[in-house]
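I am opening a notebook page on this chain and will keep the entries terse. The coordinates come first, and my look-ups follow.

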Amino acid sequence: MKKFSVFAAIVSLAIVSHSGTWAGEEIIIKRDAAERFVVLPDGVRFPEGITANPRTEEIYVATFDFGPNSNALLRFNRYGQLVAQRDFGGTPLLGLQFSHWDNKVYICNFGASKIQRIAANFNGMTEIEDVASIPLIGPPLPRTVGNPDGTTDTIMFGNGFPAPNALTFDKSGNLYVSDSFQGAIFRIDDARNCKTPCAVTTVKHDGLLATAGFPPFGANGLALSRDENQLFIANTGDDRILRMDLKTKEISVWAESIDGADGIAFYKGRLVAAANQGDVVLILNENGRVIAKLGDFLGIRRDGSPRGLLFPASVLIMDGKIFVTNLALPLTTTEGDEPEEDVTKYTVSRIDIPKDLR
């Protein structure tokens, strides 16, 4: 992250406010960019994970519900019509990743602390296979944070529940997994061929991957750079995008103030990020600077579905479009203070990537 003097920051802010550009690059803002693509079946709530089979253009959505017998993996065709539903009972699901090697969908089963998979052409009775259990390694060591006056604060972490959140494959078929509570990145080597239960390697266990912030999820969305030397990691509670050098395992802060950084994905060298507390999808350039703000929360429709984005959780990019799950999950305990409480129908939105960025 670059550091600027106070004077330089004020001057830069003045330029942005006046012209809408930063260093010659226009910021694209389109509040109404998100259109409704899918409405989930009645009784199915809180869509979170999303992936797709690029060949068939079928889209898969997983739910993050803590009610009894309530979670499902849903399969939609390219037109947003429901093709199949596989129930997972009361175990909440998070990230999904399609594997073209074995034509299966890999699943972060948050409730069971497992990575699972299922045939991509599943139906309501298709077998769910356990791939690996996420190991219990405990919370990371305390993190020391510097203050402007030269003093330091120490953040202690206590949550040790194995919490697999997001997935991404590299070109060799190795599967990276983020753990939001233990503050870790894991890897399953050759996930499609390893003998189950597959071995799980700890790539990094670090306080930068945990959080004491809100929402209380640390390491979340994952995306590999094109050369696969860098792994980008969203830290939701810290509002950050981190970057880890996969050779040295060093982690640095790549972007700040992403309000609830959640699902991320690369598109033509730019990072697309869901900001779940900002109700917006952001596109960042190679320096971590925001160049587009797409979507917003625009109220609740009469049918009980959100208009625009509401707690956007995961992103999928296909055919020049961004598909976004609207988790719409109430997080506070005060009744009546969140629009998420008014949602009765849950959706996936679709956003056209601006022509200037295609």
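**Entry 1: a salt bridge from a loop to a strand**

I began with D303, which I list as partly exposed because its relative accessible area is 30%, a value between the 20% and 50% cut-offs. I note at once that I am working on a predicted model. The side chain of D303 meets that of R36 in a salt bridge, with 2.9 Å from N to O. R36 belongs to strand β4 while D303 sits in the loop between β27 (297-300) and β28 (306-308), so this pair ties together parts that lie 267 residues apart in sequence. For R36 I read a relative accessible area of 34%, so I list R36 as partly exposed.

**Entry 2: the strands around β31**

I then asked myself which strand pairs with β4 (residues 34-39), and in which sense. I found β31 (residues 347-352), antiparallel to β4 and paired with that strand over 5 bridges. Within this pairing I looked up E35, and its bridge partner in β31 is R350. Strand β31 is also joined to β30 (residues 321-326) by 5 bridges, again with the strands running antiparallel, and here I322 stands opposite I351.

The loop between β30 and β31 holds D342, which I enter as partly exposed because its relative accessibility is 49%. I also see D342 in a negative surface patch, together with E335, D337 and E341.

**Entry 3: further salt bridges**

How many salt bridges does the structure hold? I have 15 on record, and I looked up several of them one by one.

The side chains of R78 and E57 meet at 3.5 Å, N to O. This pair links distant parts of the chain, with R78 in the loop between β7 and β8 and E57 in the loop between β5 (47-53) and β6 (58-63), 21 residues apart. I asked whether E57 is buried or exposed; at a relative accessible area of 18% E57 is buried, whereas R78 counts as partly exposed at 47%.

R75 and E58 form a salt bridge at 3.0 Å, N to O. Since R75 lies in strand β7 and E58 in strand β6, the pair ties together parts that are 17 residues apart in sequence. Both R75 and E58 are buried. I also noted one network, in which K104, R117 and E129 are joined by salt bridges that share partners.

**Entry 4: backbone details**

I looked next at peptide bonds and found a cis bond joining T196 and P197, with omega about -5°; P197 is in the loop between β17 (184-188) and β18 (201-205). The peptide bond from F214 to P215 is cis as well, with omega near -10°, and P215 lies in the loop between β18 and β19 (219-224).

For positive phi outside glycine I wrote down S113, at about 55°, in the loop between β10 (104-109) and β11 (114-119). S113 is buried, given its relative accessible area of 9%. K249 has a positive phi too, near 65°, and its place is the loop between β21 (240-245) and β22 (251-255); I list K249 as partly exposed because its relative accessible area is 26%.

**Entry 5: a glycine in a loop**

My last look-up was G80, in the loop between β7 (71-76) and β8 (82-89), which is buried with a relative accessible area of 16%. From G80 to S305 I find 16 Å in space, C-alpha to C-alpha, and 225 residues in sequence.

Note on methods. Residues are numbered from 1 along each chain as its sequence is written. This is a predicted model: local features need pLDDT of at least 70, side-chain atom pairs count only at pLDDT 80 or more; totals for chains, interfaces and linings use all residues. Side-chain values use heavy atoms; hydrogens and water are left out. Two strands pair if DSSP finds at least two bridges between them. Helices (H or I, at least four residues) and strands (E, at least two) are DSSP runs, numbered from the N terminus. Patches are made of residues with over 30% relative accessible area and no salt bridge: like charges are joined within 9 Å, nonpolar side chains (Val, Leu, Ile, Met, Phe, Trp, Tyr) within 5 Å. Accessible areas come from the Shrake-Rupley method with a 1.4 Å probe; for residues, only the protein chains shown count as cover. A salt bridge is a side-chain nitrogen of Lys or Arg within 4 Å of a carboxyl oxygen of Asp or Glu. Lys and Arg count as positive and Asp and Glu as negative; His and the chain ends are not counted. The place of a charge is taken as NZ of Lys, CZ of Arg, CG of Asp or CD of Glu. Buried means under 20% relative accessible area, exposed over 50%, partly exposed in between (1.4 Å probe, protein chains only).
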